[in-house]
Amino acid sequence: MKLASLKQGRDGRLIVVSDDLSTYVDASAIAPTLQAALDDWSVIEPKLKALADDLATGAVASQPLDAAALAAPLPRAYQWADGSAYVNHVELVRQARGAELPDSFWHDPLVYQGGSDRFLGPRDAIPLADESWGCDMEAEVVVVTGDVPQGVSPEEARGLIRLVGLVNDVSLRNLIPGELAKGFGFYQSKPASALSPVFVTPDTLGDRWQDGKLHGALNVDLNGHPFGRADAGVDMTFDFGTLIAHLAKTRSLGAGTIVGSGTVSNRDADGGPGRPVADGGLGYSCIAELRMVETIRDGAPATPFLKYGDTVRIWMEDDNGHAIFGTIDQKVEAI
C-alpha cells in the first residue's frame, strides 16, 4: 500500500496511491491525515488496505496523480530522529580531517533529533539564503513508526515500523563545524528536509525489505547527471530495528516518529572509499562525501556545494524500472 498527502492546510489530506503512482483515491473519509491514520493504525490500516485493493481493481473512481500537488506524506511530524547507520560515511568524514574512528561507532549508533515541524514536499524548492553556507543534499531511507514502548528490543522494533520512504536531508555544511564546536548539536545547519512523494508499507516492498533494511540502489542525480547509485541494503551497520531500539532506550516514541538512516554510503569493490559513477563506481549520496574522497586523494576538495539553480533528484526503482516511492525532484532557489 502506498500513501501520500495532497497539499491542504498544515497536515495535508490523506490519499491512497496506485502501485504505479499514476492515480489516487481520496482517503480522508477514513482518516483525514496520515498522522490520524498512524494514531489509530490497527483500526485504520485495514480500511486503507481495502481502499487500495479497490483502487487496484478499478472498483473505485480514481484521479490522475500530480506529484507537484503533493505535500510531504507527513508535512509535519511529532518527531524526526536521524541516525548515521552507514559507518563508512562517518569514517570518511573523520579520515578526511585526520581523525581516527572510535571503536564504539561500530556498535553504538549516532543519532540527532532534527526539526520536524515542517517537511518539504517532493517538488518543493530547496530554499537557500546564502550560498556560502555550503548547502548539500543527503539521500537517505526513512521509516515511520507506530507507538514504540521504552526498552523495546531491535526485533520488536522492526515489527513497529509502519511505513518506509526516502528523504533529502538538507545540510548546511559550512555551518556544522561551528555548531558542533559548541558541544550542543545541530540546529541552524539542519534546515527543512524533503520527503518522497509516497510512503510504502513494508509488505509492499517484498524482498527489498529484509531484516529492517531497504535493499536496492538509491539513485541520486545532480544537475541531470548520475551522482550516486549506492545500495541502501549494503554497508548499513545498524538496521532500523537497532536504531529504533537505541532511541527507545530511555523513552517511548509516539506514533508518527520518523527515523532516518543517515547518508547511504557504500565502500568501493576494492574496499576503498568509493569512486564517482562516471569512473565506474557507485558514487555518493551527498556532495560532502565526494569532497572527503577528494581531500583524501588530492589533499583538498574540488567539487562545490549546491548553488542557486542546481537540481537534485532522488529515487529508488523496482525490478521493472519504476520509482517505488516516486521521485524527490528539487531545485535550489534563493530566498
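Colleague: How many residues in the lining of the second largest pocket are nonpolar, polar and charged?

Modeller: In this predicted model, the lining divides into 14 nonpolar, 5 polar and 4 charged residues. The lining of the second largest pocket comprises 23 residues, and those nearest its centre are Tyr187, Gln188, Lys190, Pro191 and Ala192. Its volume is about 440 Å³, and E7 and E8 each supply at least two lining residues.

Colleague: What is the volume of the largest pocket, and which residues lie closest to its centre?

Modeller: The volume of the largest pocket is about 1,000 Å³. Its lining has 33 residues, with Val93, Arg173, Ile176, Leu180 and Phe186 closest to the centre. By class, the lining of the largest pocket holds 15 nonpolar, 9 polar and 9 charged residues.

Colleague: Which elements supply at least two residues each of the lining of the largest pocket, and which gives the largest share?

Modeller: The elements are strand E6 (80-83), helix H3 (87-96), strand E7 (111-114), helix H5 (176-181) and helix H7 (287-298). H3 gives the largest share, namely 5 residues.

Colleague: Why is Ser193 called buried?

Modeller: The relative accessible area of Ser193 is 2%, and the term buried applies under 20%. Ser193 is therefore buried. This residue lies in the loop between H5 and strand E13 (194-195).

Colleague: What makes the pair Ser193 and Asp169 a polar contact?

Modeller: The side chains of Ser193 and Asp169 are joined at 2.9 Å, and the cut-off for such a pair of N or O atoms is 3.5 Å. The pair therefore counts as a polar contact.

Colleague: Why is helix H6 described as largely enclosed by the rest of the structure?

Modeller: Helix H6 spans residues 240-247, and 6 of its 8 residues are buried, so the description follows. The buried residues are Phe240, Gly241, Leu243, Ile244, Ala245 and Leu247. At the start of H6, a side-chain oxygen of Asp239 comes to within 2.7 Å of the backbone nitrogen of Gly241.

Colleague: What is notable about phi in Asp211, and is Asp211 buried or exposed?

Modeller: Most residues other than glycine have a negative phi. Asp211 is not a glycine, yet its phi is positive, at about 55 degrees. Its relative accessibility is 61%, and exposed means over 50%; Asp211 therefore counts as exposed. The residue is found in the loop between strand E15 (209-210) and strand E16 (213-214).

Colleague: Why does Asn223 count as partly exposed?

Modeller: The relative accessibility of Asn223 is 35%. Buried requires under 20% and exposed over 50%, with partly exposed in between, so Asn223 counts as partly exposed. Asn223 also has a positive phi, near 55 degrees, in a residue other than glycine. Its place is in the loop between strand E17 (217-222) and strand E18 (225-231).

Colleague: How do you know that strand E10 is mostly covered?

Modeller: Strand E10 runs over residues 139-145, and 7 of its 7 residues are buried. Ala139, Val141, Val143 and Thr145 point one way, whereas Glu140, Val142 and Val144 point the other way, and all are buried.

Colleague: With which strands does E10 pair?

Modeller: E10 is joined by 7 bridges to strand E11 (residues 161-168), in an antiparallel arrangement. There, Val142 stands opposite Gly165. E10 also pairs with strand E19 (residues 258-260), in the antiparallel sense over 3 bridges. Val259 in E19 is the bridge partner of Val143. Two bridges are the minimum for pairing, so both the 7 bridges to E11 and the 3 bridges to E19 meet the criterion.

Colleague: Why are E8 and E18 said to stand at the edges of their sheet?

Modeller: The sheet is open and has 5 strands in the order E8-E21-E20-E17-E18, with mixed pairing. Strand E8 (126-128) and E18 each have a single partner strand, so one side of each is left without a neighbour in the sheet. Neighbouring strands of this sheet are turned by 20 degrees against each other on average, direction ignored.

Colleague: How many bridges join E20 and E21, and in which sense do they pair?

Modeller: Strand E20 (residues 311-316) and strand E21 (residues 328-334) pair over 4 bridges in the antiparallel sense. Among the bridge partners, Ile314 is matched with Ile328 in E21.

Technical notes:
Residues are numbered from 1 along each chain as its sequence is written. This is a predicted model: local features need pLDDT of at least 70, side-chain atom pairs count only at pLDDT 80 or more; totals for chains, interfaces and linings use all residues. Side-chain values use heavy atoms; hydrogens and water are left out. Buried means under 20% relative accessible area, exposed over 50%, partly exposed in between (1.4 Å probe, protein chains only). A polar contact is a pair of N or O atoms within 3.5 Å; within protein, one must be able to donate a hydrogen and the other to accept it, and residues adjacent in sequence count only if both atoms are side-chain atoms. Axes are lines fitted to C-alpha atoms, for helices over the stretch in contact, and angles run from 0 to 180 degrees between N-to-C directions. On a 1 Å grid over the protein atoms alone, a cavity is a set of points where a 1.4 Å probe fits but cannot get out, and a pocket is an open set with protein on both sides within 12 Å along at least five of seven lines; lining residues have an atom within 4 Å of a point. Grid points are joined across faces, edges and corners, and a volume is the space filled by probe spheres set on the points. Ala, Val, Leu, Ile, Met, Phe, Trp, Tyr, Cys and Pro count as nonpolar, Asp, Glu, Lys and Arg as charged, and the others, Gly among them, as polar.
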